[in-house]
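Please look over the sequence and the structure shown here before reading the briefing that follows. The points below are grouped by topic, so that each part of the picture can be checked against the model.

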Amino acid sequence: MILQRIAVLFCVLHLCQGVYFFIGEKEKKCFIEELPEDTMVVAKYNAMLYDKKTNDYVGSSPGMGMHVEVRDPDSKIILSKTYGSEGSFTFTTHTPGEQQICIHSNSSKWSLFAGGKIRVHLNIQIGEHTNDYSEIAAKDKLTELQLRVRQLLDQMDQIQKEQSYQRIRETRFRATSENTNRRVLYWSVGQFLVLVIAGIWQMKHLKGFFEAKKLV
């Protein structure tokens with residue numbers, strides 16, 4: 001049975017996030033990035049095996065690979081590919097919301113001699129941080145001022161995307177709040193009607209009781 005643990009990380013946009021985690025044989029780790037639409041994500045990873053002799057993590061064997069799967073908020077697969085023990089992958093969001101990034105080993109043979117432990121270093125870059133501005137400056141022959149303007153334009157573009165996504169979130173939250181308020185109202189009205197009906201029934205029942213006892 002494949003073990004799956006989901007680690008939910010709500011990461012701050014415009015920052016580079018570097019984490020490391022441990023996984024076992026066929027164990028899957030998933031991360032959730034809440035991102036706006038049309039945002040590029042570049043992730044680099046390095047998987048290291050546990051060595052019992054040195055009691056430390058060392059470079060993995062050439063035959064070991066890591067499978068990466070990315071799903072959008074509608075659970076549609078954006079990326080599903082097997083890479084080596086060290087590499088990078090890139091994808092662009094098409095739907096705003098929670099993007100699920102899952103990674104696991106594609107082999108179980110290494111666990112027999114590695115103690116079943118693997119440490120994965122994962123670095124995620126989002127938005128304008130995916131750009132290599134030194135390479136862009138050399139390619140387009142930009143001056144320092146032109147390069148700075150280019151960086152500011154990219155940052156402004158990412159901020160606009162984030163603002164659009166926040167408006168979408170606000171609309172969803174408002175719709176959820178209005179739906180909840182309607183349900184609360186219906187529940188309150190239902191409780192009121194039940195109390196009124198129960199009161200009328202009790203009054204009729206008591207009236208019949210008193211009439212039967214000839215008390216009225």
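What follows is a briefing on the overall build, the disulfide, the strands, the largest pocket and two backbone angles.

The structure is a predicted model, and its protein chain holds 216 residues, of which buried residues make up 32%. This chain contains 3 helices and 10 strands. A search of the whole structure turns up 1 disulfide, and the largest pocket holds about 170 Å³ of space.

**Overall build**

- Read from the N terminus on, the elements of the protein chain follow the order β-β-β-β-β-β-β-β-β-α-β-α-α.
- Among the contacts in the protein chain with a separation of 6 or more, 71% are between residues 24 or more positions apart.

**The disulfide**

- The disulfide joins Cys30 to Cys102, with a distance from S to S of 2.0 Å, a value that can be set against the cut-off, which asks for sulfur atoms within 2.5 Å.
- Cys30 belongs to strand S3 (residues 28-35) and Cys102 to strand S9 (residues 97-105), so the pair ties together parts that are 72 residues apart in sequence.
- The link of Cys30 and Cys102 is right-handed, with 105° about the S-S bond.
- Cys30 and Cys102 are both buried, and buried here stands for a relative accessible area under 20%.

**Strand S9 and its partner S3**

- In S9, 7 of the 9 residues are buried, so this strand is largely enclosed by the rest of the structure.
- S3 and S9 run antiparallel and are joined by 8 bridges.
- Within this pairing of S3 with S9, Glu34 stands opposite Glu98 in S9.

**Strand S6 and its two partners**

- Strand S6 (residues 65-71) has 6 of its 7 residues buried, so S6 too is largely enclosed by the rest of the structure.
- On one side of the account, S6 pairs with strand S7 (residues 77-84) in the antiparallel sense, over 7 bridges, and Val68 stands opposite Lys81 in S7.
- S6 and S7 form a hairpin, with 5 residues between them.
- S6 also runs antiparallel to S9, to which 6 bridges join it.
- Two residue pairs can be found by eye in this second pairing, since Val68 stands opposite Ile103 in S9, while His67 stands opposite His104 in S9.
- As a general rule for reading such strands, the side chains in a regular strand alternate between the two faces of the sheet.

**The largest pocket**

- The residues that line the largest pocket are Asp38, Thr39, Met40, Thr92, Gly127, Glu128, Thr130, Asn131, Asp154, Asp157, Gln158 and Lys161.
- By class, this lining of the largest pocket consists of 1 nonpolar, 6 polar and 5 charged residues.
- Helix H3 (residues 144-212) gives the most to the lining of the largest pocket, with 4 residues.

**Thr39, a residue of the pocket lining**

- Thr39 is one of the residues that line the largest pocket, and its place in the chain is the loop between S3 and strand S4 (40-51).
- With a relative accessible area of 0%, Thr39 is buried, because the cut-off for a buried residue is under 20%.
- When its neighbours within four places in sequence are left aside, Thr39 is in contact with Phe91, Thr92, Thr93, Ile126, Gly127, Gln158 and Lys161.

**Two residues with a positive phi**

- Asp38 has a positive phi of about 60°, although this residue is not a glycine.
- Asp38 is placed in the loop between S3 and S4, and with 45% relative accessibility it counts as partly exposed, because that class covers values between 20% and 50%.
- Ser75, which is found in the loop between S6 and S7, also has a positive phi, near 65°, and it is likewise a residue other than glycine.
- Ser75 can be placed in the hairpin described above, since it lies in the turn between S6 and S7.

Note on methods:
Residues numbered from 1 in each chain as written. Predicted model: local features only at pLDDT ≥ 70, side-chain atom pairs only at ≥ 80, totals over all residues. Heavy atoms only, no water. Buried < 20%, exposed > 50% of the residue type's maximum accessible area, 1.4 Å probe, protein only. Pairing = 2+ DSSP bridges. 1 Å grid on protein atoms, 1.4 Å probe; cavity = no way out; pocket = protein on both sides within 12 Å on 5 of 7 lines; lining within 4 Å. Points joined across faces, edges and corners; volume = space filled by probe spheres on them. Nonpolar A, V, L, I, M, F, W, Y, C, P; charged D, E, K, R; others polar. Contact = heavy atoms within 4.5 Å.
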